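Colleague: I have a structure to go through with you. Can we take the terms one by one?

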Amino acid sequence: MRKQNGTTIMEILISVIIIAIVMGLLFTLLIQVRNEDKSNQIQSNFVINQSTMIKEIEEDIINYGVKRVSECDLSDANINQSVLNPAYQSDFKCLMIEYAGDYIEDNIGFVMLYNTFAKYDVENGEYKGKSDTAKWMIQYTRGRYEKRDKLGIPDKQSWRPATKFMKEYPGYVSAEEKIDVYYTLATNGWNAAAINIPIVNGDGEHYDINLAFTFNGSDNFKCFQKNDNKVTCQCDGGILCNKTYE
């Protein structure tokens, strides 16, 4: 007579344990893939922000040329201090570009990196209200000062922006590194300059904004540094680097 074997409780338990282990491994793998996908998306957003910002500034540099660059502060661009996140006010980073084209009215550009709780009203071009979370912003604004005194010093309250280009960074940005401006002697009376605006995420990865251009040696090209020294002017070529302190 043939003996019939059934499934024992032990075999059922072993099967359940194996299935649980497999499901656990699959769930862990799914979380890793999801985190990796999120990390890749953040990195992609950093790269997109960098490339679009470079495109906007480079177009103005190519079209109008650069006369001088300088470190700037909130008052230069007529931005209220309340826009900044109080925890990161000292990390406000700003570079002012004065364009050489005498035929353009809006010949001043500001590149600014800062942390804010404020909401930006795109339609009206101003900040209104507060957001629940802080965010890092990169902003490029070109415009003009409508009033200047007899010495040519601008009335900062008369600043009028003509174009604004802003991007929100998807994660933390370190603003500790200085903006570097380099000059070097080229050939045939033309000289080269490069601007590096460091954009560093929380993992220490660089997504810098790098701008390179040439200018005529006879042009009045200067670089201004202020006391807080968030912009450094470096030179290779003697008098070609007209480094001036405000």
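Colleague: Which residues do ring pairs link into a cluster?

Modeller: Ring pairs link Tyr64, Tyr99 and Tyr103 into a cluster. A word on the source: this is a predicted model, where local features need pLDDT of at least 70 and side-chain atom pairs count only at pLDDT 80 or more, while totals for chains, interfaces and linings use all residues. Residues are numbered from 1 along each chain as its sequence is written, and side-chain values use heavy atoms, with hydrogens and water left out.

Colleague: Why is the pair of tyrosine 64 and tyrosine 103 called tilted?

Modeller: Rings of Phe, Tyr and Trp (its six-membered ring) pair if their centres lie within 6.5 Å; planes under 30 degrees apart count as stacked, over 60 as edge-to-face and the rest as tilted. Here the centres are 6.2 Å apart and the planes stand at 55°, so the pair is tilted. Tyrosine 64 sits in helix α1 (residues 9–64), and tyrosine 103 in the loop between β2 (93–99) and β3 (108–121). They are 39 residues apart. Helices (H or I, at least four residues) and strands (E, at least two) are DSSP runs, numbered from the N terminus.

Colleague: What makes the pair of phenylalanine 110 and tryptophan 159 edge-to-face?

Modeller: Their ring planes are at 80° and their centres 4.9 Å apart, so the pair counts as edge-to-face. Phenylalanine 110 is in strand β3 and tryptophan 159 in strand β5 (residues 159–168). The structure holds 8 aromatic pairs.

Colleague: Why does tyrosine 103 count as buried or exposed?

Modeller: Buried means under 20% relative accessible area, exposed over 50%, partly exposed in between (1.4 Å probe, protein chains only). Tyrosine 103 has 61% relative accessibility, so it counts as exposed. Phenylalanine 110 and tryptophan 159 are both buried.

Colleague: And what about serine 51, at 37% relative accessibility?

Modeller: At 37%, serine 51 counts as partly exposed. Serine 51 lies in helix α1. Its C-alpha is 7.9 Å from that of isoleucine 209, although the two are 158 residues apart in sequence.

Colleague: How do you know that β8 and β10 pair?

Modeller: Two strands pair if DSSP finds at least two bridges between them. Strand β8 (residues 190–197) is joined to β10 by 8 bridges, and the two run antiparallel. One bridge joins asparagine 196 to asparagine 210 in β10.

Colleague: What makes β10 and β12 edge strands?

Modeller: The open sheet has 4 strands in the order β10-β8-β7-β12, with mixed pairing. β10 (209–216) and β12 (231–236) each pair on one side only.
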